[in-house]
Structures are given as C-alpha cells and as structure tokens.
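Trainee: Could you take one part of this model and walk me through it closely? I would like to see how a single piece sits among its neighbours.

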Amino acid sequence: MKIFTHTQIHELDKYTIEHEPISSIDLMERAAKALTQAVMEIYAPSVPVVVFAGPGNNGGDALAMARMLAEKNYTVSAYLFNISGSLSPDCSANKKRLTESKRIREFVEVVEEFDPPRLEENMLVIDGLFGSGLNKPLAGGFASLVKYINASPAQVVAIDVPSGLMTEDNTYNVRANIIRATHTFTLQQTKLAFLFPEFQQNVGHLRVLDIRLSQEGMEKTDAQYTIVEENDVRSLLLDRSDFAHKGQMGHALLIAGSYCMAGAAILSARACLRSGAGLVTVNSPRRNIPILQTAVPEAIVQKGSEETFFAEAVDTEDFDALGIGPGLGQSEQTAIALISQLRRTQCPIVADADAINMLANHRAWMQQLPKQIILTPHPKELDRLEGHAADSFERLTKASNLAERLQGYVILKGHYTAICKPDGHILFNSTGNAGMATAGSGDVLTGIITGLLARGYKPQNACIVGVYLHGLAGDMAAQELGMESMLAGDIIKYLPKAFKRLKE
C-alpha cells in the first residue's frame, strides 16, 4: 500500500474529480458518509456531539458530518471558524446545507471572539479544524482551542489528521498544539506521520476509510513510501524443489558471540536454520564452542582464533551469506577484524548490533563497505552512525540518505520497521508487536535475513521477506502467549507457522 504526501493526496482528489467523474462537493459528501458511519459504529445517539470546523475542506467534511449525525438523531452543536472571512467553496456549500437543516441543535459561525462550550466527559468532539494540507504549526486562537480540547475529558474523533499534525515533517512543530485524538478516521490511506512513535498519543486508534479515490490515479502515482502487505511478501517467496539437498539450499556463516554473549550467537543461528538455509556455520570464540554445540546441534561450529573475542577475519569463499555482529563485543582488536572481514567478504552481508556500533566508532570505515550490504540498526544505533536526530522523520531521512550513500539497505527497526533502499524508496513493515521489544529480537532478525540470503534471495527481497516473517512470527507468538512474557526464542519457535501461513 502506497503512502502519499499531502501534495499527492490533493492531486489524487483532483484526478478522481476529473476522471470518475464526480463533483468535489459530491466527493466530500461521500467522505462525510464514511466518516459518519464510522462514528455511529462507536458512539450511540445519546452521546452529545460538538463539531469544530475550520475554513477549509476539512471543515467542510466536519459540517457535512454534523448535518448527517443530526439527521440520525444525534444532538449536535457545530462551530465554524471563519476568522479570515474566507471559506473554501465546498466548506461554504456545506455551511449552507447545515444552516438549512432543521435537525441541528446549535450552529455558531465564529468570526471574532469565541466563548468555547463546556466539554464534558460524556461528550464527543469532532475535530475538523485542519487536515492534511497544514504546512505550519498552529498558533494564536487555534493553538489555544487545541489546548482547550486536549485538557477536556471529552472523547475526540479527528477527521483525516489530528489538527496541528503535519502529514510528513513535524521537526519544527509544536507538539502541545496538536490534537490528541481518541480516534483518527483517516481518508483512503494512512499518513507518514502516523507511523512515528511520538505521535501515537495524537492519533489514538487509527482507522483508514476507503472513499474510493481513483484506483487508476493511485496506480499511476509513484510513492516514496510503501507499506508492505502479506500479498507483496507471498509473491517473493522462493520454491523448494522436491529434489533439493542441503548443498543447494545455501551455506550461511554467522560471526557472533563474544565470551558471555553466546546467547546472541545461539539465537541468530537457530533463526538462520529456521529460515531455510541448508547449512549454517557459526564462528565464535573458543570458550563458546561447547555451549553452541549443545544448544544448536544442527549448526557447524568454527573455532575462533581467540578464547573470548573475535580477532581474525575468516575466509568466506565457501559461503553464500554472512551475518556479523550479534554479541560480538567492541574491543579494538575485534573492530580491526570486523573491517578486515567486511572488506574481504564477497558474498551478501548483514551487519547488526556490535558491528554497527564499531562502525559508528570508526566512521571513516563506512566508505569501505561493500555495495548491497544490509545494516539493521535500532534508532539509537542509527543515531551513533549518523548523528542525533531530533525526531523520527529526521532519523528516517538520515537512514534513507545512508542507504543511498552506501548503495545498500538500512533496516531501521521499530514498530513499523523501515527498509530504506539504495534508490531512495522506503518500505514500512506491517507486522510485529510490542512483545518483541525484548533482548535478542534483533539477533533473530539477523539470523533470518542471513538465512534467506544464503537460500538465494536477492538482498532487497531478503530484507522484505525477513522483516515481515520476523514480525509475523512475533504476532503469532503474542496471540498464543501474550506480549508481556514473550522471549526472542518464541519468535524462532513460531517461524515455521509464519512460513506455512505465507506458503498457503
């Protein structure tokens, strides 16, 4: 599913109006019907409704909703803010329709001073002040109104976008001046800002309403951002021949685990094996060998040159993929061995955890990384690599720029994990849950992607399939075990079921 910018959304509205064809006021009516139905599914007519409408098309949607809810026997009070004396044509048309309605309880057009109504706990506020076209922070009276609404005990439904929130870049926004909605009913598709953790308190419960914008227009419009869905992943899965043997299913090498961090190597190795690789070799310090051979008997164990840490690059000629970093430690000798390993490796590479931290400590080495490398940082690791980011949009931009600069892939981990491609496109994953916020989850992801690379997946497809499977297995684990008690090993346990679901 594509994520369009506010400019593209405006163009899609125009395209739909021209090519359906449909008038803009009728398209607004269609949107308002979908919004009204969504409200009616949650709130009974006994709930008093207060509608705040701005002067633009978001306000037009709100006024149309006020009329429709009143016709459904809701007690509705509507306030239209026309401070500048200029309404959009469709907002003006819906003002006329509303004033002609005999069912509305109260309608006030605010042109100067405003005495706000008392908002009670049993009330519903419809936020139709500003929509996706907002391009600067709210100030003055509108900022005061937003703060007044947020301070009230009333429930809030935001139309399309919580007022004050810009759809993409909010780096210089004033968060206190953004509506905190109970529900956001957004039109046609989600907005980029909704995927960022700092705005979840503003968005509340999100629901996407289909208002039937032109499918042809959406297909023609190129989007920088996309949400990966199950059918996208299913189409990328490789078949396994009935006559396959382990030598044809790929040989993965994992360089992982310093002394006392053998668990990271175990988790990544188990995940790698569960991801279809025919053979998995784990290179780890000598003191970890008995633990690994006991915990992962299916893996081949390669003794490192030192007792407690990774200190010497190894030959990768016989391997189809390399995963490096989980539990590796960050000693200077390990760092030197790391860059030597990355320079000499010819097969696809996944670099995670301590590998990323060591690169952050030696930024000049970034220029020596091979093309198509896959980096899997969490937000703090990316900040170490690229410098502190003020918010999620800036961090995402840094991750995307890094992927373009390296001509590789940067997987920025989070609730909506972002796969930043070398061509500037960004794919957001749609699986996963808060139960996966536990030690070892990243090691599991490294193992999965490394296994898929060894299996024969191209780097881009290994990223997409791997991240989706990781989240899907986590979702299946959470469904049966609950989120509070989930362990990283539970994700591995449910990988077979996740594969099976996609294959079926």
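Mentor: Happy to. In this predicted model, Val125 of strand 5 stands opposite Val156 in strand 6. That pair belongs to a parallel match between strand 5 and strand 6, made over four bridges. Helix 5, residues 140–151, joins in here: strand 5, helix 5 and strand 6 make a right-handed β-α-β unit.

Now look at the other flank. Strand 2 pairs with strand 5 over five bridges, again in the parallel sense, and Val49 stands opposite Leu124 in strand 5. As for cover, five of the five residues of strand 5 are buried, which leaves the strand mostly covered. Leu124, Ile126 and Gly128 point one way, Val125 and Asp127 point the other way, and all are buried. For the nonpolar members there is a general tendency to keep in mind: in soluble globular proteins, nonpolar side chains tend to be buried together.

Step back to the whole sheet. It is an open sheet of seven strands in the order 4-3-2-5-6-7-8, with parallel pairing. Strand 4 (106–110) and strand 8 (205–209) are its edge strands, each pairing on one side only. Neighbouring strands are turned by 15° against each other on average, direction ignored. At the strand 8 end, five bridges join strand 7 (residues 183–187) to strand 8, the two running parallel, and Thr184 stands opposite Leu206 in strand 8.

What lies across strand 5 and other strands of this sheet? Helix 3, residues 57–71, does: it lies across strand 2, strand 3, strand 4, strand 5, strand 6 and strand 7, and runs at about 155° to strand 2.

For contrast, follow the chain to another sheet. This one is also open, but has eleven strands in the order 1-9-18-17-16-15-14-13-10-11-12, with mixed pairing. Strand 1 (2–3) and strand 12 (300–303) stand at its edges with a single partner strand each, so one side of each has no neighbour in the sheet. An antiparallel stretch is easy to find: three bridges join strand 17 (residues 418–420) to strand 18 (residues 426–428), and Ile419 stands opposite Leu427 in strand 18.

This sheet has a helix across it as well. Helix 15 lies across strand 10, strand 13, strand 14, strand 15 and strand 16, running at about 170° to strand 13. Its length makes a handy check: at 1.5 Å a residue, the 15 residues of helix 15 (residues 441–455) should span 21 Å, and the end C-alpha atoms are 21 Å apart, which agrees. Because 15 of its 15 residues are buried, helix 15 is largely enclosed by the rest of the structure. Just after helix 15 comes Gly456, with a positive phi near 120°.

Finally, see how the packing comes together. The largest nonpolar core has 57 residues, and Ile374, Val444 and Ile449 have the most contacts inside it. Helix 16 (residues 459–481) gives the most to this core, twelve residues. A second, separate core of 53 residues includes Phe196, Leu328, Leu342 and Leu402. Back in the largest core, Val444 is a good residue to click on: leaving aside residues up to four places away in sequence, Val444 touches Leu267, Ala271, His470, Ala488, Ile491 and Ile492.

How values were computed: Residues are numbered from 1 along each chain as its sequence is written. This is a predicted model: local features need pLDDT of at least 70, side-chain atom pairs count only at pLDDT 80 or more; totals for chains, interfaces and linings use all residues. Side-chain values use heavy atoms; hydrogens and water are left out. The expected span of a helix is 1.5 Å times one less than its number of residues. Buried means under 20% relative accessible area, exposed over 50%, partly exposed in between (1.4 Å probe, protein chains only). A nonpolar core is a set of buried Ala, Val, Leu, Ile, Met, Phe, Trp, Tyr and Cys residues joined through side-chain atoms within 4.5 Å. Contact means heavy atoms within 4.5 Å. Two strands pair if DSSP finds at least two bridges between them. Axes are lines fitted to C-alpha atoms, for helices over the stretch in contact, and angles run from 0 to 180 degrees between N-to-C directions. A crossover is right-handed if, with the strands pointing away from the viewer, the path from the first strand over the helix to the second runs clockwise.
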